[in-house]
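Student: Could you take me through one part of this model closely, choosing a single strand and setting out what surrounds that strand? I would also like to hear how the cysteines are to be read.

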Amino acid sequence: IGVVGLGGLGHMGVQWGKAFGCHVTVISHSRDKEEMARKLGADAFICSEDDKQMSASKNTYARTACSQQ
């Protein structure tokens with residue numbers, strides 16, 4: 001699953017995804033959140049400001065949880 005945003009709900013999304021045995025990728029505009037995402041169990045991290053990373057991940061997620069308004 002892809003979790004967009006690593007705020008309060010995003011943290012829970014990562015933990016729930018891992019608890020259900022999913023491969024979890026965090027998508028955030030801030031590269032500063034990558035370390036936290038990995039500590040929470042994320043398998044991958046995509047910086048939404050990086051066009052190459054965004055293009056490479058296009059059409060690769062069956063489910064995405066958006067924790068941002």
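Tutor: A disulfide is counted here when a pair of cysteine sulfur atoms lies within 2.5 Å. By that rule the count in this predicted model comes to 0 disulfides. Cys22 is partly exposed, because its relative accessibility is 26%, a value that falls between the 20% and 50% cut-offs. Cys47, with a relative accessible area of 2%, is buried, and Cys47 will return below as a member of the largest nonpolar core.

The part I would choose is strand S2, residues 25-28, and its setting is best given before its details. The protein has 3 helices and 4 strands, and from the N terminus on these elements run β-α-β-α-β-α-β. Of its 69 residues, 33% are buried, and the accessible surface comes to about 4600 Å², with 53% of that area belonging to carbon and sulfur atoms. Among contacts with a separation of 6 or more, 34% are between residues 24 or more positions apart.

Strand S2 pairs with two strands, S1 and S3. Strand S1, residues 2-4, runs parallel to S2 and is joined to it by 3 bridges, with Gly2 standing opposite Thr25. The connection between these strands passes through helix H1, residues 8-19, and S1, H1 and S2 together make a right-handed β-α-β unit. With S3 the pairing is again in the parallel sense, over 4 bridges; the chain crosses from S2 through H2 to S3, and this β-α-β crossover is likewise right-handed. Within that pairing, Val26 stands opposite Phe45, while the bridge partner of Ile27 is Ile46.

The side chains of S2 can now be placed. In a regular strand the side chains alternate between the two faces of the sheet. Here Thr25 and Ile27 point one way, whereas Val26 and Ser28 point the other way, and all of them are buried. Thr25 counts as buried because its relative accessible area is 1%, which is under the 20% cut-off. The C-alpha atoms of Thr25 and Val14, 11 residues apart along the chain, are separated by 8.0 Å.

Val26 leads from the strand into the interior. In soluble globular proteins, nonpolar side chains tend to be buried together. The largest nonpolar core of this model holds 10 residues, namely Val3, Leu6, Val14, Val24, Val26, Ala37, Leu40, Ala42, Phe45 and Cys47. Helix H2 (34-40) and strand S3 (44-47) each supply at least two residues of this core. Leaving aside residues up to four places away in sequence, Val26 touches Val3, Leu6, Val14, Ala37, Ala42, Ala44, Phe45 and Ile46. Phe45 is therefore both a contact of Val26 and the residue opposite Val26 in S3, as well as a member of the core.

Technical notes
Residues are numbered from 1 along each chain as its sequence is written. This is a predicted model: local features need pLDDT of at least 70, side-chain atom pairs count only at pLDDT 80 or more; totals for chains, interfaces and linings use all residues. Side-chain values use heavy atoms; hydrogens and water are left out. Buried means under 20% relative accessible area, exposed over 50%, partly exposed in between (1.4 Å probe, protein chains only). A nonpolar core is a set of buried Ala, Val, Leu, Ile, Met, Phe, Trp, Tyr and Cys residues joined through side-chain atoms within 4.5 Å. Contact means heavy atoms within 4.5 Å. Accessible areas come from the Shrake-Rupley method with a 1.4 Å probe; for residues, only the protein chains shown count as cover. Two strands pair if DSSP finds at least two bridges between them. A crossover is right-handed if, with the strands pointing away from the viewer, the path from the first strand over the helix to the second runs clockwise.
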